[in-house]
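Me: I would like a close look at a single part of this model, set against the chain as a whole. Please take your time and keep the reasoning visible.

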Amino acid sequence: MSTRQSDQVGPAGSGQNSMGADAETQSLKLLYGSYADVLFVLLPFAVVALFKVWDQGFESVLLGYDLSMAAGVLGGLAVVKFIMGMMIDTNMLKHKERILFLIAGTVFLIMVPGILFSVLIMLADPVPKWVMFVQPLLLVLGISAYSGAVGSTNAVHRQFQGDTNEDRDSMAGVHEPTSDS
């Protein structure tokens, strides 16, 4: 049997293509859910920004502390997702060093700067103009961290579910066909 044919035939003759489509559908649902969470978190900040733009102009949004605060909130949610990912399945503790590194990076690069910028902006009489460039970057990093946290914890969780299924199948004597057979 050729390699191409063996890729399409799984246990008991089931097609592997449907498994790829299921994984793609699951990833798409995960992406939609992740961005729905982001939009829900950003909704109050967007309402405040709309009022600021209406009353004071667009520059007031970029020089206000709201974007930094939103980045800090999203960074905090990313940390919670990483921790929940470790708590979902005890097998994920095998990757605890990686997850702890991601948590530390999120705290160091997003949460602390977001909260610090918020406080500094509130205390500054004339807010420096370069803040207009840093705050949107912090917000993008916060959104990326949250989306990455959701995606990575679910991917690791799915990997462990797959490993568990493979272990169960190997113990039962079920083997995937290879290109040599």
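Is Met-122 buried, partly exposed or exposed, and what is its relative accessible area?

Reply: Met-122 is partly exposed, because its relative accessible area of 47% falls between the 20% below which a residue counts as buried and the 50% above which it counts as exposed. This is a reading of a predicted model, and the confidence of the prediction is worth setting out before the surroundings of Met-122. The mean pLDDT of the chain is 79, with 76% of its residues at 70 or more. Over residues 1–15, however, the pLDDT is below 50, and this stretch has 20 contacts in the model beyond near neighbours in sequence. Residues 167–181 also stay under 50, and there the model has 12 contacts beyond four places in sequence. Where pLDDT is low, the predicted coordinates should not be read in detail.

Met-122 belongs to helix 5, which covers residues 96–123, in a chain that has 6 helices and 0 strands. At the surface, Met-122 joins Tyr-65, Ile-115, Val-119 and Leu-123 in a nonpolar patch of about 490 Å². For the chain as a whole, the accessible surface comes to about 11,700 Å², and carbon and sulfur atoms account for 68% of that area.

Helix 5 also contributes to the aromatic pair of the structure, of which there is 1. Phe-117 and Trp-130 meet edge-to-face, with 5.9 Å from centre to centre and 80° between the planes. Because Phe-117 lies in helix 5 while Trp-130 sits in the loop between helix 5 and helix 6 (131–172), the pair ties together parts that are 13 residues apart in sequence. The two partners have their own degrees of cover: Phe-117 counts as buried at 15% relative accessibility, whereas Trp-130 is partly exposed, with a relative accessible area of 49%.

One further residue, from another helix, is useful beside these. Asp-66 lies in helix 4, which runs over residues 66–88, and Asp-66 is buried, with a relative accessible area of 9%. Leaving aside residues up to four places away in sequence, Asp-66 touches Phe-45, Val-48 and Lys-52.

Across the whole chain, 30% of the 181 residues count as buried. Among contacts with a separation of 6 or more, 77% are accounted for by residues 24 or more positions apart.

Definitions and conventions. Residues numbered from 1 in each chain as written. Predicted model: local features only at pLDDT ≥ 70, side-chain atom pairs only at ≥ 80, totals over all residues. Heavy atoms only, no water. Helix = DSSP H or I, 4+ residues; strand = E, 2+ residues; numbered from the N terminus. Buried < 20%, exposed > 50% of the residue type's maximum accessible area, 1.4 Å probe, protein only. Contact = heavy atoms within 4.5 Å. Patch = residues over 30% accessible without salt bridge, like charges linked within 9 Å, V, L, I, M, F, W, Y side chains within 5 Å. Areas by Shrake-Rupley, 256 points an atom, 1.4 Å probe, with all protein chains shown as cover. Salt bridge = Lys/Arg side-chain N within 4 Å of Asp/Glu carboxyl O. pLDDT = per-residue confidence, 0-100. Phe/Tyr/Trp six-rings, centres within 6.5 Å; stacked < 30°, edge-to-face > 60°.
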